[in-house]
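Morning, everyone. I have one model to go through today, and I will put it on the screen before I say anything about it.

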Amino acid sequence: MKAVISIFDNRYSKLYDVSQLVDKIQWDTYLEDQPGKCTLSVKKTGALAFWEGASISVVIDSVNVFKGYVFTKKRTKNTDIIEVVCYDQLRYLKNKDSYVFKNLTSSQIFSKICDDFVLKYKVVDASTHICAKRANDGTALYEMIQTALDDTLINTKEWYIIRDNFGILEHININSLKTGLILGDKSSVSDFDYTSSIDNDVYNQIKLYRDNKDTGKRELYIVNDTINGGKNLKEWGILQYYAKVDDSLNAAQIEQRAKGLLSLYNNVSRTLKLKDCLGDFRIFAGTSFRCKIEDLGDITLDLNLLVNQCSHRIENEMHLMDIDVEVVI
């Protein structure tokens, strides 16, 4: 395994090759909410000097793995090892600001924010759905973009995400990230944890409302599992999602949104963590692969699965990964 790891000192514009000074690497990616993270154990030498904000790149066996920026350095008195925590560009979407978006798609909202905050980006797959008008006041940039992505998914079933691809933020459809790989209990997977639940983010009744300013009355829109025969209502009882919708939506749009939410949430939540798999850098949050596990207790699994979270660990020439996925059947 050949690693090429570089740190560019942001104070004195000096490039360091630290490939021989790093003995542990961990690279974590997340489908939502968190930036990509790379943690390195770097041996301190007299010539090495870098500060927070320094840029870093990690290339392993000619694969561009990570490009980002140093945010944290940690040392103890009795060691010459520096623990370095780096994040990719998604970290800058934690910044908060105020925007009003009207008649824009998720890819246009993404592009505007990236332009305003001078982030390197590319729209790999453009969305066509016009998102509902939304005013954001003191809101995290990532949350603004994610709201637009969620609106697009609910109304069109088209699933877009944003990711950092070696220093370039991308707006991309998950269908563009299929790997074609097969993992399972007979292929590359050492162990797994499997959980099925209706306790979190599972709903069989959707109740949306808006306050009609003209009539002074609250209008309710309810869609539930009875449109599917009511099986889940009988078995689970009522699990209700309740939310206010934008006043600009008409009745047909609200009903469409309610049906979209029901189709997303009216299922048993099944989460699966594949542990100590043989590492493959083609797997990261947002990618999908074929998973085959003969016995999970209540199901036999042979499905394409979307990666929610992935952690690659490299130490002593050993490359392993843990993969968190959600199983939808």
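I will take the N-terminal strands, then one helix, then the cysteines, then the aromatic rings. Please keep in mind that this is a predicted model.

Start at the N terminus. Strand S1, residues 3-9, has two partners to look at. With strand S5, residues 55-60, S1 runs antiparallel, and six bridges join them. If you want a register mark, take Ser6, whose bridge partner in S5 is Ser57. With strand S2, residues 14-17, the pairing is also antiparallel, over four bridges. Here the mark is Phe8, which stands opposite Leu15 in S2. S1 and S2 make a hairpin, with four residues between the two strands. In that turn, Ser13 has a positive phi, about 50 degrees.

Now move to helix H2, residues 141-156. Does its length agree with its residue count? At 1.5 Å a residue, its 16 residues should span 22 Å, and the end C-alpha atoms are 23 Å apart, so the two agree. How many of those residues are buried? The count is 12 of 16, so I would call H2 mostly covered. The buried set includes Leu141, Tyr142, Met144, Ile145, Ala148 and Leu149. Polar residues are on that list too, among them Gln146, Asp151, Thr152 and Asn155. What do the buried residues of H2 pack against? Their neighbours are four strands and two helices: strand S8 (96-101), strand S10 (134-140), strand S11 (160-164), strand S12 (169-173), helix H1 (106-116) and helix H4 (251-265). After H2 comes Lys157, with a positive phi near 65 degrees.

Next, the cysteines. How many disulfides are there? The count is zero. Cys114 is in no disulfide, and the nearest cysteine sulfur, that of Cys131, is 15 Å away. A disulfide would need the two sulfur atoms within 2.5 Å. Cys131 is likewise in no disulfide, with the sulfur of Cys114 as its nearest at 15 Å. As for exposure, Cys114 is buried, at a relative accessible area of 0%. Cys131 counts as buried as well, at 7% relative accessibility.

Last, the aromatic rings. Over the whole structure the search finds 12 aromatic pairs, and I will show two of them. One is Phe71 with Tyr92, a tilted pair at 5.9 Å centre to centre, with 55 degrees between the planes. Phe71 lies in strand S6, residues 63-74, and Tyr92 in the loop between strand S7 (81-87) and S8, so the pair ties together parts 21 residues apart in sequence. Phe71 is partly exposed, with a relative accessible area of 25%, and Tyr92 is partly exposed at 28%.

The other is Tyr203 with Tyr265, which is edge-to-face: 5.4 Å centre to centre and 85 degrees between the planes. This pair links distant parts of the chain, 62 residues apart. Tyr203 is in the loop between strand S14 (191-197) and strand S15 (205-212), and Tyr265 is in helix H4. Tyr265 counts as partly exposed, at 25% relative accessibility.

Going back to Phe71 and Tyr92, they belong to one aromatic cluster together with Tyr69 and Tyr87. One further ring to point out is that of Phe50, where the charged end of Lys73 sits over the ring, 4.9 Å from its centre.

That is the end of the tour.

Conventions. Residues are numbered from 1 along each chain as its sequence is written. This is a predicted model: local features need pLDDT of at least 70, side-chain atom pairs count only at pLDDT 80 or more; totals for chains, interfaces and linings use all residues. Side-chain values use heavy atoms; hydrogens and water are left out. Two strands pair if DSSP finds at least two bridges between them. Buried means under 20% relative accessible area, exposed over 50%, partly exposed in between (1.4 Å probe, protein chains only). The expected span of a helix is 1.5 Å times one less than its number of residues. Contact means heavy atoms within 4.5 Å. Rings of Phe, Tyr and Trp (its six-membered ring) pair if their centres lie within 6.5 Å; planes under 30 degrees apart count as stacked, over 60 as edge-to-face and the rest as tilted. A charge sits over a ring if NZ of Lys or CZ of Arg is within 6 Å of the ring centre and within 35 degrees of the ring normal.
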